[in-house]
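Okay, thanks for coming, everyone. I've got one structure to walk you through today, so let me put it up on the screen.

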Amino acid sequence: MKFSSLRTLKSVLAAGLLVTAAFAQAQSANGVFRVTAIPDEAPTELQRKFKPLGDYLEKKIGMKVEFTPVTDYAASVEALINKKVDMVWFGGFTFVQAKERSKNQVTPLVQRAEDEKFRSVFITTQKDINKLEDLKGHTFTFGSESSTSGHLMPRSFLLAAKINPDTDLKRIAFSGQHDSTVAAVAGGKVDAGALNISVWEKLVAEKKVDPSVVRVFYTTPGYYDYNWTVRTDMNADLKKKLTDAFLALDPKNPQDKVIMDLQRASKFIPTKAENYIAIEAAAQNAGLLKK
């Protein structure tokens, strides 16, 4: 065998080994389906809520499903874009941010029926606060800066009521999480705050807040919010399996009902990026969308 031919053979064999190694690595990576969520509640609560859903998805997609909390909303966006996770529970605003950051390389699969007309609530303990205009001169807390229901949409509705939170309120804060917003208002750290209606209703149902002391004085009109999003380059078959798994959840089935109750969902429905155009416009109008 000529030297050049031998060298070529070695190169082919080496390339083959590299391909085999890369394939094995990909297979290993694909053996675990990684999920996270925006940290709009405490990490332990997010883990508790996801566990039955994760077990269900494992059976449906034939892969091990792992949930890993992230430190903040921005981290959930970066985790998906940088392929650290495969699917994320986004709010409407974080989905828009991920869409912008990835240059339209993320795809929302499903949302709860409740997310078609999601709402925020404004809460207070103060007797002199009964409408948005009454907030002028008072202290106020939003949730996370990247929260749709805890910041973006409440800010939008304040601006629509001709209240600039940055100049018309005595002081604004960001609690980081919806339950922390309730704690700040209930504890007298701020006069009022805004949060996700779903978390509010859950805390009331669990008797973790007394609605006769901390009361809702304004509920926003509906808007599109949360969804489950994946990268656009995900295998089409896997996307379909995930979508079908969510859509198959039936509250009449006791095991499914446990999952849906934890997710506070009556059912899951397909969604699309176009549903979040209004959220994107609201973010741009409020100066919150950084391009």
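I'll go through the strands, then the cores, then a couple of helices. Keep in mind that this is a predicted model.

Let's start with strand 1, residues 32-37. Strand 1 runs parallel to strand 2, residues 64-67, and four bridges join the two. If you want a spot to click on, take Phe-33: its bridge partner in strand 2 is Val-65. Between those strands you'll find helix 2, residues 43-61, and strand 1, helix 2 and strand 2 together make a right-handed β-α-β unit. Strand 1 also pairs with strand 3, residues 87-90, again in the parallel sense, this time over three bridges. Over there, Val-35 stands opposite Met-87.

Now stay with Phe-33 for a second, and let's talk about the inside. Which residues have the most contacts within the largest nonpolar core? They're Phe-33, Trp-228 and Leu-242, in a core of 67 residues. Helix 2 gives the most to this core, with six residues. As for Phe-33 itself, if you leave aside neighbours within four places in sequence, its contacts include Val-65 and Met-87, which we've already met, and also Ile-61, Met-63, Met-234, Leu-238 and Leu-242. Some of its contacts are charged residue types you might want to look up on the screen, among them Lys-64, Glu-66 and Asp-86. There's also a second, separate core, with twelve residues, including Phe-122, Leu-132, Leu-169 and Ala-194.

Back to helix 2 for a moment, to look at Lys-60, which lies in that helix. Is Lys-60 buried, exposed or partly exposed? Its relative accessible area is 43%, so it counts as partly exposed. Leaving out residues up to four places away in sequence, Lys-60 touches Lys-241 and Ala-245. And here's a nice one: Lys-60 and Asp-244 are 184 residues apart along the chain, and yet their C-alpha atoms are separated by 8.8 Å.

Okay, next, the other sheet I want to show you. It's an open sheet of five strands, in the order 7-6-8-5-9, with mixed pairing. Its edge strands are strand 7, residues 171-174, and strand 9, and each of those pairs on one side only. From one strand to the next, the twist averages 25 degrees. Zoom in on strand 6, residues 139-142, and you'll see it pair with strand 7 in the parallel sense over four bridges. Phe-140 has Ile-172 as its bridge partner in strand 7.

So what sits on that sheet? Helix 7 lies across strand 5, strand 6 and strand 8, and runs at about 155 degrees to strand 8. Helix 8 packs on the sheet too, touching strand 5, strand 8 and strand 9, with its direction at about 100 degrees to that of strand 8.

Let me finish on helix 8, residues 197-205. Its buried residues are Ile-197, Ser-198, Val-199, Trp-200, Lys-202 and Leu-203. What covers them includes helix 2, helix 7, strand 4, strand 5, strand 8 and strand 9. Which residue caps the N-terminal end of helix 8? That's Asn-196, with a side-chain oxygen 2.6 Å from the backbone nitrogen of Ser-198. After the helix comes Lys-207, and its phi is positive, near 60 degrees.

That's my tour. Happy to rotate the view if anyone wants another look.

Conventions:
Residues are numbered from 1 along each chain as its sequence is written. This is a predicted model: local features need pLDDT of at least 70, side-chain atom pairs count only at pLDDT 80 or more; totals for chains, interfaces and linings use all residues. Side-chain values use heavy atoms; hydrogens and water are left out. Two strands pair if DSSP finds at least two bridges between them. A crossover is right-handed if, with the strands pointing away from the viewer, the path from the first strand over the helix to the second runs clockwise. Buried means under 20% relative accessible area, exposed over 50%, partly exposed in between (1.4 Å probe, protein chains only). Contact means heavy atoms within 4.5 Å. A polar contact is a pair of N or O atoms within 3.5 Å; within protein, one must be able to donate a hydrogen and the other to accept it, and residues adjacent in sequence count only if both atoms are side-chain atoms. A nonpolar core is a set of buried Ala, Val, Leu, Ile, Met, Phe, Trp, Tyr and Cys residues joined through side-chain atoms within 4.5 Å. Axes are lines fitted to C-alpha atoms, for helices over the stretch in contact, and angles run from 0 to 180 degrees between N-to-C directions.
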